[in-house]
Amino acid sequence: MKKCSKTSPHVRLADVSKSFSTGTDTLVALDDVTLDVARGEFVCLLGPSGCGKSTLLRIIGGLLEPTFGSVTVGEQTPAEAQAEKELGFVFQEPSLLPWRSASDNIRLPLEVNRTNGGDSGRSVEDLLNVVGLDRFGHYYPSQLSGGMQQRVALARALVSDPSLLLMDEPFGALDEITRATMRYELLRIWDEDQKTVVFVTHSIPEAIVLSDRVAVLTGRPGHVRSIVPIDLPRPRTELMERSRAFLNYSEQLHDLLLPGGGDG
Ligand SMILES: Nc1ncnc2c1ncn2[C@@H]1O[C@H](COP(=O)(O)OP(=O)(O)OP(=O)(O)O)[C@@H](O)[C@H]1O
Ligand SMILES: [Mg+2]
């Protein structure tokens, strides 16, 4: 049975550290990360390359175990949340199966789930509409642009109707214009579905446009340097990106990303 208290955080990271052993070496990737994400909240993890953002996302998703500390997703362990199809992943590469059409790629988790005796999830036709690909269900990945492939990956993540979406630089490989369009489309979907989203990005404007709060991580080992609430009205618009408030957030996040920024 799903446990979904409205008051407790959807994701709770308490004193999470992660070290990797590589033969002779031990690398501390994350150090003492504490972060709560409320149900329905949109939180971006912003930090320099190699600071442990993907590692943190994988820990939340149950793909990696922390070395120390605890992680709960809706009062369950990440593994339990994953077993109940509460988690949807979108990675930087769409990772579609080239021999399956867009529709069949989206359907894949349902087929796996059905084999495991799970329920049927959302309709593929509905999801093609949601991500703006209603005419392209029969297209194969090689016949779709990068942005369209990433929409298929997003639809695939939504097909089991997860309550938590974990997104690791999903638009990183796209050109700036397509990337900006995808941001606003994601916000539209998020607004309709009221999912919780944890979204990894390098991009300051992306973090501001999307987030309720931005968690800024320090360079390795990753540690939450600061959590910046983005107090811009919703729905967010491209016009807002030219506002004084937006520029102020941009400067604040930029300073926090500098080595030693915001400390002392
Ligand atoms: N499986 C692993 N074995 C050893 N070291 C690892 C492993 N996975 C990640 N690391 C190390 O942990 C650190 C953090 O990696 P991670 O991929 O989480 O960074 P990131 O913030 O996502 O970087 P980027 O922005 O470049 O994607 C890096 O120094 C990396 O070398
Ligand atoms: Mg990464």
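**View 1. The shell of residues around ligand 1 in the predicted model.** In this predicted model, ligand 1 is surrounded by 14 residues, and the closest of these are Phe20, Ala29, Ser49, Ser54 and Thr55. Two or more residues of the shell are contributed by each of the strands β1 (11-22) and β2 (25-37) and by helix α1 (53-60). Helix α1 makes the greatest contribution to the shell around ligand 1, namely 3 residues. Sorted by class, the shell around ligand 1 holds 8 polar residues, 4 nonpolar residues and 2 charged residues.

**View 2. The antiparallel sheet that contains β1 and β2.** Three strands make up this open sheet, in the order β2-β1-β4, and their pairing is antiparallel. The edges are formed by β2 and by β4 (68-73), each of which pairs on one side only. From one strand to the next, the twist averages 30 degrees. Strands β1 and β4 are joined in the antiparallel sense over 5 bridges, and within β4 it is Ser70 that serves as the bridge partner of Ala14. Strands β1 and β2 are also among the elements that give two or more residues to the shell around ligand 1.

**View 3. The mixed sheet of 6 strands.** This open sheet has the strand order β5-β6-β7-β3-β8-β9, with mixed pairing. Its edge strands, β5 (87-90) and β9 (224-229), each pair on one side only, and the twist from one strand to the next averages 15 degrees. Strands of a sheet pair through backbone hydrogen bonds, in either a parallel or an antiparallel arrangement. The pairing of β6 (residues 164-168) with β7 (residues 196-201) is parallel and extends over 5 bridges, with Met167 standing opposite Phe199 of β7.

**View 4. Strand β3 and its two neighbours, β7 and β8.** Strand β3 (42-46) is mostly covered, given that 5 of its 5 residues are buried. Phe42, Cys44 and Leu46 point one way from β3, whereas Val43 and Leu45 point the other way, and buried residues are therefore found on both sides of the strand, where buried denotes 20 or more other C-beta atoms within 10 Å of a residue's own. Strand β3 pairs with β7 in the parallel sense over 5 bridges, and the bridge partner of Cys44 in β7 is Phe199. Phe199 also stands opposite Met167. Strands β3 and β8 likewise run parallel and are joined by 4 bridges, with Leu46 opposite Val216 in β8.

**View 5. Helix α1 across the mixed sheet.** Helix α1 lies across β3, β6, β7 and β8 (213-217), and α1 runs at about 155 degrees to β7. The helix that lies across these strands, α1, also gives the most residues to the shell around ligand 1.

**View 6. The contact between domain 1 and domain 2.** The domain assignment of the protein gives domain 1 as two segments, 1-86 and 162-264, and domain 2 as 96-161. The C-alpha centres of domain 1 and domain 2 lie 24 Å apart, and 11 residues of domain 1 are in contact with 10 residues of domain 2. On the side of domain 1 that touches domain 2, helix α6 (residues 176-193) supplies the largest share, with 4 residues. The residues on this side of domain 1 comprise 8 nonpolar, 1 polar and 2 charged.

Key. Residues are numbered from 1 along each chain as its sequence is written. Chains are lettered from A and ligands numbered from 1 in the order in which they are written. This is a predicted model: local features need pLDDT of at least 70, side-chain atom pairs count only at pLDDT 80 or more; totals for chains, interfaces and linings use all residues. A residue is near a molecule or strand if its C-beta atom, placed from the backbone, lies within 6 Å of it. Ala, Val, Leu, Ile, Met, Phe, Trp, Tyr, Cys and Pro count as nonpolar, Asp, Glu, Lys and Arg as charged, and the others, Gly among them, as polar. Domain bounds come from an automatic or database domain assignment. Two residues are in contact if their C-beta atoms, placed from the backbone, lie within 7 Å. Two strands pair if DSSP finds at least two bridges between them. Axes are lines fitted to C-alpha atoms, for helices over the stretch in contact, and angles run from 0 to 180 degrees between N-to-C directions. A residue is buried if 20 or more other C-beta atoms lie within 10 Å of its own, exposed if 12 or fewer, and partly exposed in between; C-beta atoms are placed from the backbone.
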